[in-house]
Structures are given as C-alpha cells and as structure tokens.
Amino acid sequence: MPENSSKIIELNEDLLENNDRLAEQNRQSLREYGIKSFDIVGAIGAGKTAIMEILVEKLSKIYKILVINGDVATRIDADRIGQHGVKTIQVNTGRECALNSYHISQIIKNVDLNEYRDGILFIENVGNMICPSDFILGTEKRIVVVSITEGEWVVRKHPLLFKMSDIAVINKIDLIDVMDVSVENMVEDAKNINPNLKIFTTSATVGSGIPELIEALDL
Ligand SMILES: Nc1nc2c(ncn2[C@@H]2O[C@H](COP(=O)(O)OP(=O)(O)OP(=O)(O)O)[C@@H](O)[C@H]2O)c(=O)[nH]1
Ligand SMILES: [Mg+2]
C-alpha cells in the first residue's frame, strides 16, 4: 500500500475515534439534564421534517423541546419546525454530507440545557443514506426514515444505516396506490438487516402510524 494511502486510513480512523469520544460526552451531558435525545436520519425528501413537525406539535404540549436541523445550505427545515413554537438551531454543513458529534457538542456548550431539563432533543440530520452511518451523535435513539417513493429496494441498498438505527420509519404510505412497491418486502428487509429494529409505516400527510411511533420513543 502506498505510504499516502495508509496515512489517509489512519486519519479516517482518528476522525471516527474523535467523533465517538465526543458523542459519548454529548450523551453524558444530555443524560445529566434528563434530556431524551433522538437523531433522525434518512433519504432526501423522505419526510423527516414532516414527521418531526407532527412529533413537535404533539409533544411540545407536554415537554420542553429543542430541535437541531442539519442541512447543507438552507434554514427551511428549521423555519418549518420553528412554526410549531419550539426553539430550533440550524446547522449548515456546506460540503459535509452529515452532522457529526462536534456540531452537537458545540451547540450543547452554548445552550442552557437546564431550560430543557427532562425534555427532548430532536436532531434532523442532512438527507443522506450513506454519510450519517459513520458519525454517531450521542443520542439515545436513532430513527431512520425512508419512504415508499424511493422504491422497494431502498432499505436493502442501505444496510448500514438500518443496522445503526433503533427505529425505522417507512413513510408516505398514503401513496401506496400509485407506487408499485411492496411495503411488506421493505419491512421484511429492515427486519433481516436488524432484528432489533422497531419498524413503523407512516403517513405524515394523514398522520397514520405517528401515535405508534411516539409510543416507541419511550418518553
Ligand atoms: N404524500 C406524502 N407526502 C409527504 C409525506 N411526508 C412528507 N411528504 C412530502 O414530501 C416532501 C419532503 O418532505 P420533507 O419533510 O421536507 O422531507 P425531508 O426528509 O425532511 O427532506 P430533506 O430534509 O430535504 O432531506 C414534502 O413535499 C412533504 O410534504 C407523506 O407521508 N405523504
Ligand atoms: Mg428535512
């Protein structure tokens, strides 16, 4: 192996090790304040923000909620969530295709976590099925969201993200009549990749499956 390649591999390993260490610190800090945390990963346009809008609308009546939205360039998602009356922080990642634990640690340092004591932190990652696999953020649970419009094979094609998640959501179920996909096969693929996954089929448009998803957050 050329010397440069081994240096690049070492650098990547360092990067991931640092990310894991910071993620653990994030986890500890959030636990200290009794904050339940969830990061939502998944395909571009699968409905991550739409689902979070419903969760925030329902849960903000009971809990203090902080939301971090990762996006390459805009603050559209943070503004959408902000309309539901909760505090949102937008992170623009520029050329980076996922949030990492450093982004979250910087926010945790600068926010008064006491304001969210015993509350909830939701983090929406950049829409991407590959990059977030490498970077844990230090949350209690990871939720992966895909939708039937990405095709029946979207689960099988991205096993890592499903392996690293606790909850899987298959969204846009209201479009089943116009999509030639088998939701049963998608669910089966997710189960085969990770037998511990809790799997939900939802429609953010009509709200189906959302009460079951909230139940699985174990708040
Ligand atoms: N029919 C239908 N449309 C949906 C559903 N969920 C979201 N959409 C639509 O899909 C589009 C994308 O939804 P978003 O919530 O922005 O998806 P996202 O995963 O947050 O997208 P990015 O943050 O850009 O990756 C929007 O036009 C939504 O209205 C659903 O359950 N059914
Ligand atoms: Mg979004």
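Q: What makes helix 2 stand out in the shell around ligand 1?
A: Helix 2 supplies three residues, the largest share of that shell. The model is a predicted one. The elements that give two or more residues to the shell are helix 2, spanning 48–59, and helix 3.

Q: Which residues come nearest to ligand 1?
A: Of the 19 residues around ligand 1, those that come nearest are Lys48, Thr49, Arg80, Ala204 and Thr205. By character, the residues of the shell divide into six nonpolar, seven polar and six charged.

Q: Why is the pair formed by Gly45 and ligand 1 called a polar contact?
A: A polar contact requires a pair of N or O atoms within 3.5 Å. A polar backbone atom of Gly45 is 3.0 Å from an oxygen atom of ligand 1, so the pair meets the definition. For Ala46, a backbone N or O atom lies 3.1 Å from an oxygen atom of ligand 1. For Glu124, an N or O atom in the side chain is 3.1 Å from an oxygen atom of the ligand.

Q: How much of ligand 1 does the protein bury?
A: Taken alone, ligand 1 exposes 650 Å², and the protein buries 71% of that.

Q: What makes Thr49, Asp77 and Glu124 donors to the magnesium ion (ligand 2)?
A: A donor is an N, O or S atom within 2.8 Å of this metal. Thr49 (OG1), Asp77 (OD) and Glu124 (OE) coordinate the ion at 2.0 to 2.1 Å, and therefore they satisfy that cut-off. Their spacing in sequence is T-x27-D-x46-E. Asp77 belongs to helix 3 (residues 76–82) and Glu124 to strand 4 (residues 120–124), so this pair ties together parts that are 47 residues apart in sequence. Both Asp77 and Glu124 are buried.

Q: Why is Asn171 called buried?
A: Buried means under 20% relative accessible area. Asn171 has a relative accessible area of 2%, so the term applies. Asn171 lies in strand 6 (residues 167–171). Leaving aside residues up to four places away in sequence, Asn171 touches ten residues' worth of neighbours listed here by name: Ala46, Gly47, Ile51, Val145, Val146, Ser147, Ile148, Thr202, Ser203 and Ala204.

Q: How do you know that Asn100 caps the N-terminal end of helix 4?
A: A side-chain oxygen of Asn100 lies 2.9 Å from the backbone nitrogen of Tyr102, which is within the 3.5 Å allowed for a polar contact. Helix 4 comprises residues 101–110, and its buried residues are Ser101, His103, Ile104, Ser105, Ile107 and Ile108.

Notes
Residues numbered from 1 in each chain as written. Chains lettered and ligands numbered in written order. Predicted model: local features only at pLDDT ≥ 70, side-chain atom pairs only at ≥ 80, totals over all residues. Heavy atoms only, no water. Donors = N, O, S within 2.8 Å, 3.2 Å for Na, K, Ca; no water. Helix = DSSP H or I, 4+ residues; strand = E, 2+ residues; numbered from the N terminus. Buried < 20%, exposed > 50% of the residue type's maximum accessible area, 1.4 Å probe, protein only. Near = heavy atom within 4 Å. Polar contact = N/O pair within 3.5 Å; in protein donor to acceptor, adjacent residues only side chain to side chain. Areas by Shrake-Rupley, 256 points an atom, 1.4 Å probe, with all protein chains shown as cover. Nonpolar A, V, L, I, M, F, W, Y, C, P; charged D, E, K, R; others polar. Contact = heavy atoms within 4.5 Å.
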